[in-house]
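Okay, thanks for making room for me. Have a look at the screen and I'll walk you through a few spots.

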Amino acid sequence: MNNTINYTIDFSKTNQHLFNIELTIPAHQSDTLTLSLPSWLPGSYMIRDFAKNIVIISSDGSTKLTAIDKQTWLLNTQGKACTIAYQVYALDHSVRTAFLDTRRAFFNGSSVFLCVNEFVDSTHQVLIKEPEFDQQWQVATGMPRASGTQKYQFGSYVASDYHQFIDCPFEISQFDHIEFDVAGCTHHLILSGKHYADTKRVVKDLTKLCQHHINLFESEGALTPPFNEYWFLTNIVPNGFGGLEHKNSTALLCSTFDFANINEPNQLTPQYKSFLSLASHEYFHAWNVCRIKPVEFTPYDLTTERYTQQLWAYEGITSYYDDFSLYRTAIISFEDYLELLSKTFTRVNRGSGQNKQSLIESSFYTWTKFYQQGADAQNNIVSYYTKGSLLALWLDLTIRTETSNQYSLDNVMHQLWHKFGQPSIGTELIDLITIASELVGYDLYPAVSTILNDKKAIDLTPLLEKVGVSIEQMASKVDDVLKINTNSHQPYLGMMTKTAATGVQVVNVSEDSPAEITGISSGDQIIAIDNLVVSQQSIASVTACLTIGKPAQIAIIRHGELLMFDIVVRPAIKEITKLKVMSPNLVNIWQQF
Ligand code: ZN
């Protein structure tokens, strides 16, 4: 009996941004079937209600389709084979849902493939029909090609079950493709959108990063990744950034000028570093979270929120290695690496969020807090990415210093992969700590548990000193946090702003800052300070000229009314962290692997 669930996608409604989909279900035993679309997708922990984008849905004449809730339908089939036709509206530029216009199609299966719940474990196949309006489009996806379908060609793609089926996003457009080999495995760099990338250099750097991660997780003698192919599906837009991990691919979003270009062979711009760090991050996830997973995600329940306290480990450790691997592969110097790490410290320590939310809470409430941040985020929540990466640093340095560099966090990740990831056993919070404790020879749980539950900064100063690195706090303007400014008398307002039609618009206000004390609110439009009209370019200069402690007039528009306040600027607070190598001998312990 053929149990394959078949889908076809055609592009006959592209101008309306509608994927036209047919789902064919084979004959089966039961009288009724349940169809549903996920409400979230792995890697992005927010209820997105993908079913809201289904525009029309109908079954063939012999079956009856009844909606049960916002994302579920009951299909009365009397066991007969049947076909469902539906359309999905797709105009989201992000890596999380689906997009369709006359230039490009992209989708995650979780946005377009209705799940037949009774057939979750069956083979799933999709036929992607070539559009009539553009013969230049090609297809890129990590989903295996069905027999007869050539690489990059329209045709059929097949997955062994529904979970694999929706773990393979599709990029369909006129793209550049470069193939490269890492550890005997073909990797594909897909570049969709206008770019000036020096693709040889990008491939050279990606090769080093991929090989680094393979070496870290896999055992010597069998250094092959746990996939047959890997796809970097990169969408390039004028201004964008993001990524989403999958088992053998990643969907990346980046900006036109993020790449190394051929005219600047020796330039390593911050944008290119960010792109490499993003690619490194998502590739690390191919092991850490796509295969080594919290027990709460084995299996994924995509109908509702799945709460876990472990995202600090899955995102934090991945974030630690995304930048650290740039140093370890000699793409950046150790000094450059410390600069990136300094920025992570600054992001965590800026604002009062870590005094109100613990790492455990940050992981747990990701659904409503981290993924739905408001203007209050820096005052009220902490990121399990950035603070989680500082805990990863704490673990790495603790293991290194306690074992005279016999072991490191690498060994923890290697063991997690072999003990939990490979045999598909979900992790409990304690598992990582137990492995680390075994390496150092004593119980790390009390110390790690304190860091996880504390609502305060992690004190990394003693550990950094042990490895010859100093940590210093410096003052800077809050609206220019990435620029190191040692002038501690810099007058400080305590808010971030962005360009407005006239003046600037307040993005957020720091707790206990002059702006907050004055009563300035996020959303306010600041027109003038000290009778000078300000712009995003001039506000820092105007602020720098104000006298500390003396009231200055500030003119604001709020809800259409002109308001006047007096603001009293203060010296800038020391919220910039700067790490520096003090002892090249001691720092060896951190640099070796
Ligand atoms: Zn991530």
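So, what arrangement do the four donor atoms around the zinc ion make? Keep in mind that this is a predicted model. The angles those four donor atoms subtend run from 51 to 150°, and tetrahedral would need all of them between 85 and 135 degrees, so the arrangement comes out irregular.

Who are the donors? On the protein side you've got NE2 of His281, NE2 of His285, and then Glu315 listed twice through OE, at 2.0 to 2.8 Å from the zinc ion. Along the chain, the spacing reads H-x3-H-x29-E. His281 sits in helix H4, residues 270-285, and Glu315 is in helix H5, residues 311-328, so that pair links distant parts of the chain, 34 residues apart. Both His281 and Glu315 are buried.

Okay, over to a sheet. This one is open, with four strands in the order E5-E6-E3-E10 and antiparallel pairing. At the edges you find E5 (64-69) and E10 (115-116), each pairing on one side only. E5 pairs with E6, residues 72-76, over five bridges, and if you want a landmark there, Thr66 stands opposite Leu74 in E6.

Last stop: Thr577, in strand E29, residues 574-581. Is Thr577 buried or exposed? Its relative accessible area is 1%, and the cut-off for buried is under 20%, so Thr577 counts as buried. Its side chain makes a polar contact of 2.9 Å with the side chain of Gln473. Beyond its neighbours within four places in sequence, Thr577 is in contact with several residues, among them Ser342, Phe345, Asn349 and Ile471.

Definitions and conventions:
Residues numbered from 1 in each chain as written. Predicted model: local features only at pLDDT ≥ 70, side-chain atom pairs only at ≥ 80, totals over all residues. Heavy atoms only, no water. Donors = N, O, S within 2.8 Å, 3.2 Å for Na, K, Ca; no water. Tetrahedral: all angles 85-135°; square planar, octahedral: opposite > 155°, others 65-115°. Helix = DSSP H or I, 4+ residues; strand = E, 2+ residues; numbered from the N terminus. Buried < 20%, exposed > 50% of the residue type's maximum accessible area, 1.4 Å probe, protein only. Pairing = 2+ DSSP bridges. Polar contact = N/O pair within 3.5 Å; in protein donor to acceptor, adjacent residues only side chain to side chain. Contact = heavy atoms within 4.5 Å.
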